Amino acid sequence: MTGGKGPFRVEFDPKLMRLERPLSLCLQARKLACERDDRWLFEGLDLDIRSGEIVRIEGPNGSGKTTLLKILSGQLSDYSGELYWNDAPMRQVREHFLANLLYLGHAPGVKTGLSPLENLAWYQALSGDKGSETQREKALAAVGLTGFEDVPAGQLSAGQQRRVALARLTLTQRALWVLDEPFTAIDRDGVDALEKQLIAHAQAGGCVLVTTHHELTASSVLRRVQLG
Amino acid sequence: MHAAPGGLLVAVSATFKRDLTLMLRRRGEVLNPLVFFALVITLFPIGISPDPELLASIAPGLLWVAALLAALLSLDSLFRGDYDDGSLEQLLLAPHPLAALGLAKVAVHWLLTGLPLALMAPVLGIMLALPAGSYAVLALSLAVGTASLSLIGAIGAALTVGLARGGVLLSLLVLPLYIPVLIFGAGAVQAAILGDGIAPHLAILGALFTVSLMLAPWAIAASLRISING
Amino acid sequence: MWAFINKLRSPKWFYAISTKLQPWFWAVAALLLVVGTVWGLVFAPADYQQGNSFRIIYVHVPAAFLAQSIFVSMAVSGVVFMVWKIKVADMAAAVMAPLGAAMTFIALFSGAVWGVPTWGTWWMWDARLTSMLILLFLYLGVIALRGAFSSRDSGSRAASVLAMVGVINIPIIKYSVDWWYTLHQPATFTITGRAAMPMEMWLPLLIMVLGFYCFFIALTLTRTRSEILRREVNKRWVRELVEEAS
């Protein structure tokens, strides 16, 4: 079992895609530097991520892409320099930032002992909003997992588990997406659909920060940042 | 989009429910500490002597030590699953205090480990010829005491979750911190046997629990943030 | 205060200042330890009850004091490291841990040796010895945890948190163990629990305690300095230092 049922479609359901605030968001990093065990991963990094942009972090293995994403998503406080969210220092607006952030790491964050629906329910509740079963079913349908809603995630393939994680993109209305290698384990149809979804999110005023080895085609909204 | 009022409660109860569901689906993991508890208690009469008088005199300590070890046994998996599958990152990035979400996980651990151990202890007490009149105190002291053990142990679990073989290290970190709880827990049962007042012991156990409840969640949160860095 | 904290941020500054300080601490430590040892072992009167065997107090008590103080200073260094991100504090905490464990071991060992003439056995579950034993385990935990991380930075933070947790627990452990001891062995003779000690016995003890503290500070300075060099080996000021020396 590799793929889901049919291609991974992007739902342009306005209710799902709508972002709740008029968008002029930006995440800024100033003179960002990170030293891990006496090795400078990067130094003096200035970075602006604004509404309507997809920023792709590039660099060879070990150049600190994942570390940078973890810093920019507020998981690591082990850096020097400043982070600003909508022009306010990150430390002051951390909760607001987190409420607008969707992070997808190397591991999908899907519990194998729970069904996709239960996984999404927990994820949704984490942000303080219970959501509804219909919302979650729609989000699963959007990633081609109709019919797998109640199967324990442990019985799904790696690609399908990844899709459960990707269903969060549709499920929640977060403005800033930070995605670490989101195309891993996804089949070709899924890759196309995900790429379209990223572009749509940027065009709707969201921002996307992504590392990937997959070549993105969205030249109009894409910016590259080179590390290492 | 600010987190809705009451959002914290939603997040905490969802995490509690999630962990409870997960644990109940893997019943073996819930039963293992209980079987371990019974097994260890079985070893003592075999290793020392079946003499009821001798057993009765050491029963409070044996029951407490065995229960403590059984509770320790299941601690290693408290955060490990979440660490391995990436859920821990999501937990850390929830727009709510990590301390509260961690507390929900600890509560599930106590509910499915400490509490069953406390309820089971009187049965094993019979097997060790524990003198009458101390059974209720045994269960009560274990119920309160294991709550502190879960809280303190979760700090160790959070500190070692990023390590490949953290299990033995976890015991080394946590066991010395367990000693006060052991002293007053076993002391309460001993006092009940001797007919002394048990109130001071239970009061101190309660105080230890209160202090753990106030401080441990912050230490757990800080430790998880360290462990996620690898 | 802030100026001082900012200066502490620079390992180079700490290295320079400790270059000046450490000879003094070594000298004072040596002087106090020699005076205290000779006074305590030769001139102080023998105990009317224990005879000469009481003289082990001049090692046991200072070591026990230091064992506890080092844990506290390790935890304080941990707080300084976590709050102000001062790396020197972590380096100091890292070198303090084995030293504290060694002191705890000395206190335990001297207590055991003392037990032979006093109790007729190498080990008694005496309140002080039991607390010391638990303290040794706490030290071993901190050392093991620091070493277990592949990333040194994470190991430092984890060890700091554990030291803080430990330091909150030490008084609780001590109180519980004392309580446990009085409950189980109310009438046993404790080795250091006596109130009145004549001046001629007490003064050398004070000198020994001060000597041990100076020794601790001197050794911590010296070992922190080598830790600084080890961790900052790629920094320019260290390379310049090496060039100057050679």
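Residues 129–149 of chain C are 95% helix and 0% strand, with end C-alpha atoms 31 Å apart. This is a predicted model, so please read the distances here as computed from it. In an unreviewed entry, UniProt lists that stretch under "transmembrane region", together with residues 21–44, 56–84, 91–117, 161–181 and 201–221 of chain C.Residues 91–117 of chain C are 100% helix and 0% strand, and their end C-alpha atoms are 41 Å apart.

Chain B has a comparable record. Here too the UniProt entry is unreviewed, and under "transmembrane region" it gives residues 30–48, 54–75, 110–130, 136–161, 168–193 and 199–224 of chain B. Among these, residues 30–48 of chain B are 95% helix with no strand (0%), and residues 54–75 of chain B are 91% helix, again with 0% strand.

Here are four of the listed spans side by side:

| Span | Helix | Strand | Distance between end C-alpha atoms |
|---|---|---|---|
| Chain B, residues 30–48 | 95% helix | 0% strand | 29 Å |
| Chain B, residues 54–75 | 91% helix | 0% strand | 32 Å |
| Chain C, residues 91–117 | 100% helix | 0% strand | 41 Å |
| Chain C, residues 129–149 | 95% helix | 0% strand | 31 Å |

Now to chain A. Its secondary structure comprises seven helices and nine strands. Chain A has 228 residues, of which 46% count as buried. Among contacts in chain A with a separation of 6 or more, 74% are between residues 24 or more positions apart.

A good place to start looking in chain A is strand E1, residues 26–36, which pairs with strand E2, residues 39–50, in the antiparallel sense over eight bridges. One of the bridge partners to find on screen is A:Leu47 in E2(A), which sits opposite A:Ala29. The two strands form a hairpin with two residues between them. In that turn, A:Asp37 has a positive phi of about 50°.

E1(A) also pairs with strand E4 of chain A, residues 80–85. These two strands run antiparallel and are joined by five bridges. Here A:Gln28 has A:Tyr84 in E4(A) as its bridge partner. Taken together, E1(A) has bridges to E2(A) and to E4(A).

Finally, chains A and C touch. Five residues of chain C and four residues of chain A make up the contact. On the chain C side, three of the residues are charged and two are polar, with no nonpolar residue there.

Terms used:
Residues numbered from 1 in each chain as written. Chains lettered and ligands numbered in written order. Predicted model: local features only at pLDDT ≥ 70, side-chain atom pairs only at ≥ 80, totals over all residues. Pairing = 2+ DSSP bridges. Helix = DSSP H or I, 4+ residues; strand = E, 2+ residues; numbered from the N terminus. UniProt positions renumbered as here; feature names shortened; annotations may be inferred. Contact = placed C-beta atoms within 7 Å. Nonpolar A, V, L, I, M, F, W, Y, C, P; charged D, E, K, R; others polar. Buried ≥ 20, exposed ≤ 12 C-beta atoms within 10 Å, placed from the backbone.
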